[in-house]
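Subject: A structure for you to explore

Hello,

Here is the structure I promised to pass on to you. Have a look around it first, and then read my notes below.

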Amino acid sequence: MGLRGGAVRGWGDGGKGGGGERCSQRPAWDRCLGGPSRRPSPSRLPPRRGGVLPSPKMAAGRGGAAAAGTAARANSGRRGAARRDGGAGAARAARGAAGGGGERREAAQHAAGARPCSGLSAAASLQDAIRTLNTLQTNASYLEQVKRERGDPRAQLEAMRGFLERSGLQVEDLDRLNIIHVTGTKGKGSACAFTERILRGYGLRTGFYSSPHLVQVRERIRINGQPLSKELFSKYFWLVYRRLRGTKDESQANMPAYFRFLTIMAFHVFLQEKVDLAVVEVGIGGAFDCTNIIRAPVVCGVSSLGIDHTSILGDTVEKIAWQKGGIFKPGVPAFTVPQPEQPLEVLRDRARECGCPLYLCPELDAFEAGTQVLELGLAGSHQRSNAALALQLSRTWLQRRGYEAGTDVLQDVLPGAELSAQRSVPLAPTFCPSDAMIQGLRDTEWPGRTQVLPHGPVTWYIDGAHTTSSIQACVRWFRQAALNEDKPQDGSEVRVLLFNATGDRDTAALLKLLLPCHFDYAVFCPNFTEVSVAANSADQQNFNVTLENALTRCVENQKTWTRLMEEKGGPWLPAPLEVGGLLQPDPLRGALLLVPPAERPLNSTSLVFPCISHALQWITQGRDPHLPLPASKVGAHPHPVATSGAVLLQEAAAIRVLVTGSLHLVGGVLKLLDPTLSQ
């Protein structure tokens with residue numbers, strides 16, 4: 001299952017975390033692994049028997065059953081009162097607990113955990129929660145606040161701390177979560193997925209917070225690799241929402257935005273469900289991202305850097321590296337994958353400024369001793385650096401928490417001990433991966449990233465790449481996975497690109513990189529599953545983008561693709577559609593079609609559809625057994641200038657479709673191709 005969907009992301013400010021004392025007398029690697037002054041007390045570690053971690057069943061029972069029992073006892077005497085006062089009593093309990101210790105706060109949290117209406121089913125309660133969550137996407141007061149604070153980004157983290165305290169938690173409470181904090185431009189989600197899967201293999205109860213989601217918002221908050229259940233999501237949503245609503249006043253911001261709210265909610269979930277560790281993926285940037293209220297992670301990671309979110313992070317990779325290095329904390333080891341020289345130096349300087357021991361991950365080849373080849377659950381050569389980062393993160397977490405990963409012991413590495421003229425950051429030592437590490441890398445699943453779905457004659461190649469570097473990696477993977485295969489002997493092969501991009505990304509640069517794949521058709525559509533807002537699930541509604549604006553972007557992409565094809569010297573293509581008067585009703589199908597303002601040729605290879613479902617129906621022409629045709633409709637969804645293309649798709653022996661450019665597009669496609677992901 002994948003994690004991610006689109007809404008306003010709050011990104012906090014940058015405060016200086018105090019993640020452990022700085023001790024210049026101790027070797028850097030000793031500080032990295034946690035010497036005596038950093039060694040956790042036995043009471044904060046999961047129980048073990050003779051150095052062996054508890055089984056997954058033991059770990060799950062320890063947290064889940066105890067939490068459930070406590071919640072049930074606490075809720076039983078308060079549920080009626082909570083219904084009568086609409087949650088006001090829970091909010092008062094939260095305010096009273098906010099100034100006290102952790103035990104009183106947790107008791108208040110359980111007291112406020114009653115569902116909003118005991119008569120509602122879990123599904124109905126969840127939908128109410130998601131619809132309420134979506135109202136935080138367009139919080140006008142928050143947007144005004146962000147505009148005011150952009151000149152002083154640190155104020156955003158202060159606001160995040162205020163929201164956290166109003167929810168009943170203190171920043172100090174997060175120290176108990178044993179966090180692995182990961183940032184980067186591309187691959188950070190994959191690195192987190194590898195890391196979480198490895199540590200789960202040790203019998204640890206894991207929490208995982210990631211963004212955006214693909215199909216359901218519950219994917220963002222995971223326990224032991226599984227999205228939060230409907231019941232727990234609803235419970236914790238209303239717990240946090242009521243406290244924040246009940247504690248706001250004229251001097252405070254109304255409510256946190258979508259991403260900030262989910263971040264706070266994730267912390268509540270992980271604390272009350274008693275996870276042994278939490279893998280936390282940064283939203284945007286690092287220094288001023290709202291996840292950076294974490295002050296004492298166990299270890300940090302930085303995946304590959306590149307250009308993205310330039311309006312927030314800066315327009316050079318060096319500025320972006322400065323932002324990413326903002327998650328470094330004093331005395332907390334950090335690892336990064338090989339980077340270009342300039343951004344790597346920025347990361348090094350950021351680490352030195354705060355006393356963070358920073359290490360460069362060796363290539364994955366260094367861990368493949370002899371004939372051993374590490375098999376990865378995620379396809380693509382670019383995943384090897386993410387896997388190498390995950391090995392270092394999981395190994396270091398185990399070392400610092402008092403567990404050994406394998407039989408060999410890491411040696412101390414002094415700062416600069418392995419520096420050379422070509423390397424400004426010391427290289428972390430290699431080690432022999434344990435069986436759990438090898439198995440974890442092999443079993444990692446991360447939908448929407450280099451994912452292949454064979455559906456009869458139609459094969460879907462799905463990757464949510466959305467930066468120039470990630471599109472380059474996507475093209476390499478797609479050419480290896482699809483284009484190197486022999487063409488069908490009994491018929492033709494048709495290649496289709498399904499593309500959309502959001503935000504301030506340079507779509508012309510992304511589309512140009514896709515030209516070598518030699519697509520027969522390029523299809524563009526918004527990230528809306530259906531044209532009607534009501535027909536889209538609450539999980540995938542984005543109130544910050546209108547259909548008209550999204551279609552305008554698609555038409556611009558179509559124009560760009562046509563120009564690129566003409567520059568390439570390809571066959572003549574008709575001019576793309578104009579934005580004006582795009583949507584017109586189809587009386588036969590009761591749907592909206594993109595209708596050209598004048599009669600056009602029927603051989604266009606660049607098409608625009610108003611939603612994902614219409615695009616998929618045209619691409620598949622009813623030949624994907626997993627994609628049913630519209631009810632009471634005959635044939636696939638038509639397109640006014642693509643009749644000839646429909647014939648080719650109907651007769652092709654193989655249809656290969658690459659879906660890329662946006663994780664939100666990928667989520668909408670997966671929702672339609674695999675309905676079980678919505679259940």
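Let's begin with the outside: the accessible surface of the protein chain comes to about 26,000 Å², and 52% of that belongs to carbon and sulfur atoms. Please keep in mind that this is a predicted model. Of the chain's 679 residues, 59% count as buried. The chain has 22 helices and 16 strands. If you take the contacts between residues at least 6 apart in sequence, 80% of them join residues at least 24 apart.

Now for the inside. In soluble globular proteins, nonpolar side chains tend to be buried together. The largest nonpolar core here has 47 residues, and the members that touch the most others are Leu-133, Leu-177, Phe-233, Phe-237, Phe-261, Met-265 and Phe-270. Two or more residues come from each of α6 (122–134), α8 (154–166), β3, α10 (230–247), α11 and β5. Which of these elements gives the most to the core? That is α11, with 11 residues. Phe-270 is a good one to click on: leaving aside residues up to four places away in sequence, its contacts include Leu-177, Phe-208, Tyr-209, Ile-221 and Val-275. There is also a second, separate core of 40 residues, with Val-182, Ala-191, Cys-192 and Leu-389 among them.

Next, find the open sheet of 6 strands, which run in the order β9-β10-β16-β11-β12-β15 with mixed pairing. At its edges are β9 and β15 (606–608), each of which pairs on one side only. Neighbouring strands are turned by 20 degrees against each other on average, direction ignored. Inside the sheet, β11 and β16 pair in the parallel sense over 7 bridges. To see this pairing up close, look for Leu-498, which stands opposite Val-659 in β16. Helix α18 packs on the sheet, where it touches β11, β12 (521–524) and β16, and its direction makes about 165 degrees with that of β11.

Another helix to look at is α17 (residues 468–483), whose buried residues include Ile-471, Val-475, Trp-477 and Phe-478. What covers the buried residues of α17? The cover includes β9 (451–455), β10 (458–462), β11 (493–499), α18 (507–514) and β16 (654–660).

A few spots in the backbone also caught my eye. Most residues other than glycine have a negative phi, and most peptide bonds are trans. Ser-211 and Pro-212, however, are joined by a cis peptide bond, with omega about -10 degrees. Pro-212 is found in the loop between β2 (206–209) and β3 (221–223). Asn-224 is not a glycine, yet it has a positive phi of about 50 degrees, and it is found in the loop between β3 and β4 (226–227). Lys-274, also not a glycine, has a positive phi of about 55 degrees. Lys-274 lies in the loop between α11 (258–272) and β5 (277–281) and is partly exposed, with a relative accessible area of 39%.

Finally, how many disulfides are there? The count comes to 0. Take Cys-354: the closest cysteine sulfur, in Cys-356, is 5.0 Å from its own, so the two are too far apart for a bond. Cys-354 is buried, with a relative accessible area of 18%, and Cys-361 is buried too, at 2%.

Enjoy exploring, and write back with any questions.

Best wishes

Terms used: Residues are numbered from 1 along each chain as its sequence is written. This is a predicted model: local features need pLDDT of at least 70, side-chain atom pairs count only at pLDDT 80 or more; totals for chains, interfaces and linings use all residues. Side-chain values use heavy atoms; hydrogens and water are left out. Buried means under 20% relative accessible area, exposed over 50%, partly exposed in between (1.4 Å probe, protein chains only). Helices (H or I, at least four residues) and strands (E, at least two) are DSSP runs, numbered from the N terminus. Contact means heavy atoms within 4.5 Å. A disulfide is a pair of cysteine sulfur atoms within 2.5 Å. A nonpolar core is a set of buried Ala, Val, Leu, Ile, Met, Phe, Trp, Tyr and Cys residues joined through side-chain atoms within 4.5 Å. Accessible areas come from the Shrake-Rupley method with a 1.4 Å probe; for residues, only the protein chains shown count as cover. Two strands pair if DSSP finds at least two bridges between them. Axes are lines fitted to C-alpha atoms, for helices over the stretch in contact, and angles run from 0 to 180 degrees between N-to-C directions.
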